[in-house]
Amino acid sequence: MNIAVVGLSHKTASVEIREKLSIPEPQLEKAIAAVKAYPHVEEVAILSTCNRLEIYIVTNETEQGVREVTQFLSEHSKIPLQQLRSHLFILLHQDAVMHLMRVAGGLDSLILGEGQILAQVKNAHKLGQQYGGIGRILNRLFKQAITAGKRVRTETSIGTGAVSISSAAVELAQMKVENLSSCRVAILGAGKMSRLLVQHLVSKGATQIAIINRSLRRAEELASQFKQVPLQLHLMSEMMRVIAESDIVFTSTSSTEPLLDRAKLESTLAPNQPLMLFDISVPRNVAADVNELENVKAFNVDDLKAVVAQNQENRRQMAAEAEGLLEEETEAFEVWWRSLETVPTINSLREKIETIREQELEKALSRLGSEFAERHQEVIEALTRGIVNKILHDPMVQLRAQQDIETRRRAMETLRLLFNLDTETRSTEQYG
């Protein structure tokens, strides 16, 4: 068995490509089932965010498993394989393990050290289990990665002042207008990203904020968290009217099609009316053609790189602390992974000893007579099991604890020879 990850991120693909490969949460169950149905995929987990799509698999044949995942991505995105390959990265075993640790720790994010990704890794783990994609190996890997992410946040200073996509968008807006308090701001959507937008806008002094959402109830829930600022709430049917009265618009909805394009804005805005659009959604909520309008400026998630660059050097220094922690968690996973190699030998040894115990117990009970055996069988059974467990305990612990591969394999070979065990010699291939 081997672990592999096939994916793309803000480092390898533009937002246009990423939005074609995005897998919204309602489609995850179907996607997980499709990947797991391939003959060489044993386990699968999918991490899909605005900045990355990564498919983690446990495969019994690495080359075939990777090929099957890339085929799935091509079919899902409707991008020919030849064109898609240049945007994909493929990492195997140790590299795949370390990559997930770095992702969970926020070290692979567009905004170094951002905290939102850890919640997204947790969600990928939960949904992977819920939809039957995650088995023993990926379960352990994701748990270790979540532990790594938590340690990075609690044991290093990288989280101090770390910003999310939402706060980077607000920072960029502030750079463009200087004084947010005098601006009329509209936000499309009332989800988590919109809540963060409101939080950062309020902290920068914005007071004229309108929320536009399909559901008024969801907008009211958001507004209830910011009682210090009277948010104006509107339904999507009022969208264009509210936008016409705004200076800045942030879009953060789950729509798979653009909500705003040149034609809509051209027919709504007054001649020469300025408007700034900050689209933090993937797929995009704002069509690229709005930039053709002279007084409209539109920014998407890729434009946030300029904001990020200002703080990057500072955060790189903090990230150096985090790398050491991630290496510890990676090694902890590797120790567990290597111990899987011992499973066939340990199982075979236990089965052999258990067979001997049962045979000898049966002989002893038959000699003691049925009346005695019936009254004391439970006690004798517990006694013999206890003796077997005590005898086997130290060899099993020592075998699992051997971190040097050759030493461990020699120990397993010695056990197989001494106890005449019939185990699969392929265990090395099987467990990596």
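Colleague: Which residues are buried in helix 10 (residues 216-223)?
Modeller: This is a predicted model, and in it the buried residues of helix 10 can be listed by name. Seen down the axis of the helix, these buried residues fall within an arc of 100 degrees, so they line one face of helix 10. The residues in question are Ala-219, Leu-222 and Ala-223.

Colleague: What covers the buried residues of helix 10?
Modeller: The buried residues to be covered are Ala-219, Leu-222 and Ala-223, and they line one face of the helix. What covers them includes helix 9 (192-203), strand 6 (208-213) and strand 7 (232-235).

Colleague: At the start of helix 10, which backbone nitrogen does a side-chain oxygen of Ser-215 reach?
Modeller: Helix 10 spans residues 216-223, and the approach of the Ser-215 oxygen is found at the start of that helix. The oxygen comes to within 3.3 Å of its partner, which is the backbone nitrogen of Arg-217.

Colleague: Is Asn-51 buried or exposed?
Modeller: Asn-51 lies in the loop between strand 2 (41-49) and strand 3 (52-59), and its relative accessible area is 8%. Since a residue counts as buried when this value is under 20%, the answer for Asn-51 is buried.

Colleague: With which side chain does the side chain of Asn-51 make a polar contact?
Modeller: Not counting residues up to four places away in sequence, Asn-51 touches Leu-8, Ser-9, His-10, Arg-18, Leu-110 and Ile-165. The polar contact in question has a distance of 3.4 Å, and the partner is the side chain of Arg-18.

Colleague: In what sense do strand 2 and strand 3 pair?
Modeller: Seven of the nine residues of strand 2 are buried, so this strand is largely enclosed by the rest of the structure. Strand 2 and strand 3 form a hairpin with two residues between them, and one bridge joins Val-41 to Thr-59 in strand 3. The two strands pair over eight bridges, and the sense is antiparallel.

Colleague: Is Pro-39 buried or exposed?
Modeller: Pro-39 is found in the loop between helix 2 (28-36) and strand 2. Leaving aside its neighbours within four places in sequence, Pro-39 is in contact with Asn-60 and Glu-68. Its relative accessible area is 59%, and because the cut-off for this class is over 50%, Pro-39 is exposed.

Colleague: What separates the C-alpha atoms of Pro-39 and Leu-141?
Modeller: Along the chain, Pro-39 and Leu-141 are 102 residues apart. In space, the separation of their C-alpha atoms in the model is 22 Å.

How values were computed. Residues numbered from 1 in each chain as written. Predicted model: local features only at pLDDT ≥ 70, side-chain atom pairs only at ≥ 80, totals over all residues. Heavy atoms only, no water. Buried < 20%, exposed > 50% of the residue type's maximum accessible area, 1.4 Å probe, protein only. Helix = DSSP H or I, 4+ residues; strand = E, 2+ residues; numbered from the N terminus. Arc of directions from axis to C-beta. Contact = heavy atoms within 4.5 Å. Polar contact = N/O pair within 3.5 Å; in protein donor to acceptor, adjacent residues only side chain to side chain. Pairing = 2+ DSSP bridges.
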